[in-house]
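Open your viewer and get ready to pick things out one at a time. Here is a walk through the model, stop by stop.

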Amino acid sequence: MFDDEMVPGRRPAVAAQDVHKRFKIPEERSHTLKERALHPLRRSRHDELYALKDISFSVAPGEFFGIVGRNGSGKSTLLKCLAGIYRTDRGKIWCNGRLSTFIELGVGFNPDLAARDNVALNGIMLGLSPREARARYDSVIEFAELEEFQELKLKNYSSGMNVRLAFSVAIQVDADILLIDEVLAVGDAAFQQKCFDVFTRMRDEGRTIIFVTHDMGAVTRFCHRAMLLERGEMVMIGDPGDVADRYLELSFGRNVGYDEPDLASPRMGDGAARVSEVWLGDDRAEHRTVALQSEPLTLNVLVRFNSHVVNPAVSLTLLNEHNQPVVVATTSDEHEESGGYQEAEVAVFSFSMHNMLAPGRYHPVVTITRRGDGLDVIDRFTRDMSFVVTGKSASGGMVEIPVQTEVNRWGILHPDLIQQAPEA
Amino acid sequence: MSTPRLSEPLGQPIRGPRALGESWPRFWQLTYNIARSEFKLKFFGSALGYLWQVMRPLLLFGVLYVFFVLVFHVDRAKGAAGHVYGAQLLGSIVLFTFFGEATGGAVRSVVDRESLVRKIQFPRLAIPASVTLLAAFNLALNLVVVMIFAVIAGVRPMWSWFELPLIIAMLALLASGVAMLLSALFVRFRDISPIWEVFSQILFYASPVILPAEAVRSELGHGHLDHILYHVYTLNPLVTIFQQFRHAMINGATLSAGQIMGSWLALLEPIALVVIIFVLGFWIFNREAPHIAEDL
C-alpha cells in the first residue's frame with residue numbers, strides 16, 4: 001500500500017513492493033563434503049518456510065514507523081531484508097538516504113581491545129569512514145560517560161558500560177533512515193528511556209525511523225504509523241493504536257476489546273440497573289485496550305437504570321491474570337449520597353487512578369449495589385473483557401509503587417554488645 | 001489496498017548482501033580495519049607481543065635446519081646453493097607461513113564472524129580478505145627477519161630484489177583465491193577444515209621449501225612417468241613462486257622459475273592456474289555471499 005497522504009513527487013524514505021522471503025529448512029542437512037561425495041545423487045529435501053509473503057508498504061521521510069508482530073511473524077526478517085542482510089526472493093525494496101541498522105549494539109566489539117579501537121572498528125562497520133569515526137571518538141566517550149575508562153580493555157567493562165559505549169557509537173552514525181530492532185531495548189529502565197529520548201530527538205530532527213517491537217506501549221507512544229505482521233503476512237497498516245489493539249487480539253487469542261453487553265444473558269442482581277458498557281480512557285469511541293504505566297488511568301462505567309434506585313454504589317475490582325484483586329474501589333466512599341435515579345436514566349461512573357499496575361492483563365469486575373450493607377446487588381458485570389497495562393517498570397511485584405530508598409550507616413557494634421546478644 | 005505497479009524505481013534499490021558492495025573504499029576500510037585490529041591484538045595482546053609471531057617460522061626453520069642440513073645434508077643436494085641454503089629455507093618457510101595463515105585462517109573466518117554477518121550489512125568479502133591482509137602484515141615483518149638473516153649469511157643486494165613485489169603479488173593472489181574458496185565452501189561443508197589441513201601439509205612438502213626444485217628434477221630422472229610427475233609438481237604455483245624467490249632474493253645461481261619449467265613461456269601454466277583459482281574463488285564466494293547469513 002502506498003500512502004495517499006504522501007506528497008506527490010516526493011520519494012518515500014523506504015519503499016517495499018511484493019517482498020517475499022522464504023527459508024529452506026532442510027530435513028537432513030548434509031554438512032560435509034564426504035556425504036555429498038558418497039551420495040552425489042541424493043537431493044537434499046527441504047521444507048520451505050515462508051517468512052514473508054507479499055509485503056508492500058512505504059514509509060515517508062521523517063516518519064516513525066512501527067513493525068509489530070508476535071514471535072515468528074517475520075518482523076525481524078523484514079527488518080533484515082530492509083537492511084540488506086537478507087536477500088529477498090521476490091519483490092523490490094528501495095531507500096532514499098543513508099541507512100543504518102541497529103539490530104544489535106556493539107557488533108564487532110572486541111573484548112581485548114580498548115575503547116578507542118572498538119569505537120573506530122564499530123563505527124566503520126556501521127558505515128562511518130575511518131576519519132569520521134576518529135573525529136567522533138570524543139563525543140562518543142562523552143555521551144557514554146566513560147572518560148575515565150578509555151584505556152581499559154572492553155572485557156573489563158561492566159555490561160552497562162559496554163552497552164553505553166555501543167549505543168553512543170550507534171547514534172553517532174548520522175543516517176537518514178534508522179532500522180531499529182527491539183533487542184536494542186535491553187538494559188535497565190533508565191537506559192531504555194535514554195534510548196527512547198534519543199529516538200524521539202532523531203524523529204524530531206526529521207529522520208526516518210523503522211522500529212520493530214513487541215511493546216505496544218512504545219508503538220502507541222512513538223510511532224506515527226504501524227504495521228502488523230502475522231505469519232509473514234501483513235495484517236494491517238495504519239494508526240498505531242488500532243494496530244496495537246489488533247496485536248493484542250492476536251496475541252491473547254481472543255477479542256480483548258469490550259464486547260457489546262449481551263443483555264439477554266442471565267446476570268446477577270435484580271436488574272433495577274444494568275452496566276451496559278465499560279471503557280478505558282476518556283473517549284468511549286476509541287475502544288482503548290492498552291493502558292500505559294505511570295499515566296492516569298480512567299475506567300468509565302455506563303449504567304442504565306431500569307427502575308427508580310436511590311443512592312446506588314458502583315464498585316470496581318481489578319483482577320490480575322491470577323485472579324487476584326489488585327485494586328478495589330467504590331463510589332460510595334466519596335459519593336455516599338449519589339442521589340436518586342429514575343427509570344431509563346443513564347449515568348457514567350468513573351474511576352480514575354494513577355496507573356501503578358504491573359504490566360499485564362487486567363480484568364475489571366463492576367458491581368452495582370444499593371447503599372447499605374453492600375450485599376443487595378443490583379448488577380454484577382464480570383464478562384470476559386480486559387485491558388493490558390504496558391510499561392517499562394516490571395519489578396515483579398503486583399503493583400509498581402514508587403519507592404524511595406535510603407541508607408543510613410549506624411556504625412560498628414561494640415564487641416561487648418555482640419557477645420551480649422547471641423540470642424538476638 | 002491495491003499496489004500500483006511501479007515502472008520507475010523509488011530510490012536506491014536494496015539488493016541484499018553481496019561479496020563486494022558498491023563502494024571500494026568501504027570494502028577496503030573494513031578489510032584494513034578488521035585486519036589492523038587483529039594485528040594489534042597479536043602485537044600487544046601477550047607479554048612477549050610480536051616475538052611469538054616471528055618465532056614460529058624461526059622455530060620451524062631451526063628444526064628443519066638441524067634435521068635436513070646437519071643430519072641429511074640437503075644443502076649439498078643439486079641446486080641447494082650451499083652456504084645460503086639456510087636463507088633460502090627460511091625465506092620459503094616464511095612465504096609458506098603466509099600462505100598457510102591466509103588460507104587456514106580463512107576457512108572458519110566467515111562462520112566465526114557469524115554475529116557480524118547476521119547483524120550488519122557490509123561487503124562479505126571483507127572477512128576473508130582481512131585474513132589475507134593480516135597474514136600479509138605478518139609476512140612483511142617476517143621478510144625483514146629473512147633479509148637480515150640473508151645478509152648475515154653473505155647475500156649481497158641484487159637488482160633482482162625488485163622482483164619481490166611481483167613474487168609477493170602472485171602469492172597473495174593465489175592465497176586470497178584459495179581463501180575465498182575455502183571460506184565460502186566451509187559454510188556448507190564443515191569437513192573442509194580437516195581436509196584443508198591435510199592438503200596444506202602436502203603442499204608444504206610438495207613445494208620447494210626444503211628440497212629445491214632442481215633436486216626434485218634430478219631425482220626424478222628422465223623416464224616418461226617421471227616427466228609427467230615433474231610436470232604435475234611444477235603445476236603447483238607455489239613451486240614457481242618459491243623457486244623464483246630463492247633465485248631472485250637469495251642466490252642468483254639458483255635456477256629461476258623459468259629455468260625449472262624449461263622455458264619462460266611454460267610459466268604461463270602456473271600463472272594461469274593462479275588466475276583460475278582466484279577467479280573461481282571469487283565466483284564461488286560471490287555466489288554464496290547473498291545467503292551466507294541464512295546458511296550459518
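A strand, as the word is used on this tour, is a DSSP run of E with at least two residues, and strands are numbered from the N terminus. Keep in mind that you're looking at a predicted model.

**Stop 1: a proline in a strand**

Select A:Pro296, which is found in strand S12 (residues 296-305) of chain A. Is this proline buried or exposed? A:Pro296 has 12 other C-beta atoms within 10 Å, so A:Pro296 counts as exposed; the cut-off for that label is 12 or fewer. Now add the residues that A:Pro296 touches: leaving aside anything up to four places away in sequence, they are A:Ser352, A:His354 and A:Asn355. Pick A:Met353 too, since its C-alpha atom and that of A:Pro296 are separated by 5.8 Å, although the two residues are 57 residues apart along the chain.

**Stop 2: chain A as a whole**

Zoom out and colour chain A by secondary structure: there are 10 helices and 20 strands. Chain A has 424 residues, and 37% of them count as buried. Among its contacts with a separation of 6 or more, 74% come from residues 24 or more positions apart.

Next, colour chain A by domain. The assignment gives domain 1 (14-36 + 43-251) and domain 2 (273-390). Going by C-alpha atoms, the centres of domain 1 and domain 2 of chain A are separated by 41 Å. How many residues are in contact between them? On the domain 1 side there are 7 residues, meeting 6 residues of domain 2 of chain A. To find the domain 1 side, show helix H8 (216-222) and helix H9 (240-252) of chain A, each of which supplies at least two residues. By class, that side of domain 1 divides into 3 nonpolar, 2 polar and 2 charged residues.

**Stop 3: the six-stranded sheet**

Stay in chain A and display the open sheet of 6 strands, in the order S5-S6-S7-S3-S8-S9, with mixed pairing. Look at the edges: strand S5 (99-102) and strand S9 (233-238) of chain A each have a single partner strand, so one side of each is left without a neighbour in the sheet. On average, neighbouring strands of this sheet are turned by 15° against each other, direction ignored.

Walk across from S5(A). S5(A) and S6(A) run parallel and are joined by 4 bridges; click A:Thr101 and you'll find its bridge partner, A:Leu179, in S6(A). S6(A) and S7(A) also run parallel, again with 4 bridges between them, and here A:Leu178 has A:Ile209 in S7(A) as its bridge partner. Pause on S6(A), where both faces are covered. A:Ile177 and A:Leu179 lie on one side, with A:Leu178 and A:Ile180 on the other, and all are buried.

Jump to the far edge. Strand S8 (residues 225-230) of chain A runs antiparallel to S9(A), with 5 bridges joining them, and A:Ala226 has A:Gly238 as its bridge partner. Then turn on helix H2 (residues 75-83) of chain A, which lies across strand S3 (64-69), S5, strand S6 (177-180), strand S7 (208-213) and S8 of chain A. H2(A) runs at about 140° to S3(A).

**Stop 4: where chain A meets chain B**

Bring in chain B. The contact takes 42 residues from chain A and 35 residues from chain B. On the chain B side, select strand S1 (12-13), helix H1 (24-45), helix H5 (114-119), helix H8 (192-205) and helix H14 (292-295), each supplying at least two residues. Which of them gives the most? That's H1(B), with 7 residues. By class, the side of chain B that touches chain A has 18 nonpolar, 11 polar and 6 charged residues.

There is strand pairing between the chains as well: 2 bridges join strand S4 (residues 90-95) of chain A to S1(B), and the two run antiparallel. Click A:Cys95 to see its bridge partner, B:Gln12.

**Stop 5: a helix pair in chain B**

Finish with helix H3 (residues 85-107) and helix H6 (residues 126-152) of chain B, whose axes are 8 Å apart at an angle of about 170°. That angle makes H3(B) roughly antiparallel to H6(B). Show side chains where they meet: H3(B) brings residues including B:Leu90, B:Val94 and B:Phe98, and H6(B) brings others, including B:Val131, B:Leu139 and B:Phe149. By class, this contact has 15 nonpolar, 6 polar and 1 charged residues.

Definitions and conventions
Residues numbered from 1 in each chain as written. Chains lettered and ligands numbered in written order. Predicted model: local features only at pLDDT ≥ 70, side-chain atom pairs only at ≥ 80, totals over all residues. Pairing = 2+ DSSP bridges. Axes fitted to C-alpha atoms, helices over the stretch in contact; angles between N-to-C directions. Contact = placed C-beta atoms within 7 Å. Nonpolar A, V, L, I, M, F, W, Y, C, P; charged D, E, K, R; others polar. Domains from an automatic or database assignment. Parallel < 35°, antiparallel > 145°, perpendicular 65-115°, else oblique. Buried ≥ 20, exposed ≤ 12 C-beta atoms within 10 Å, placed from the backbone.
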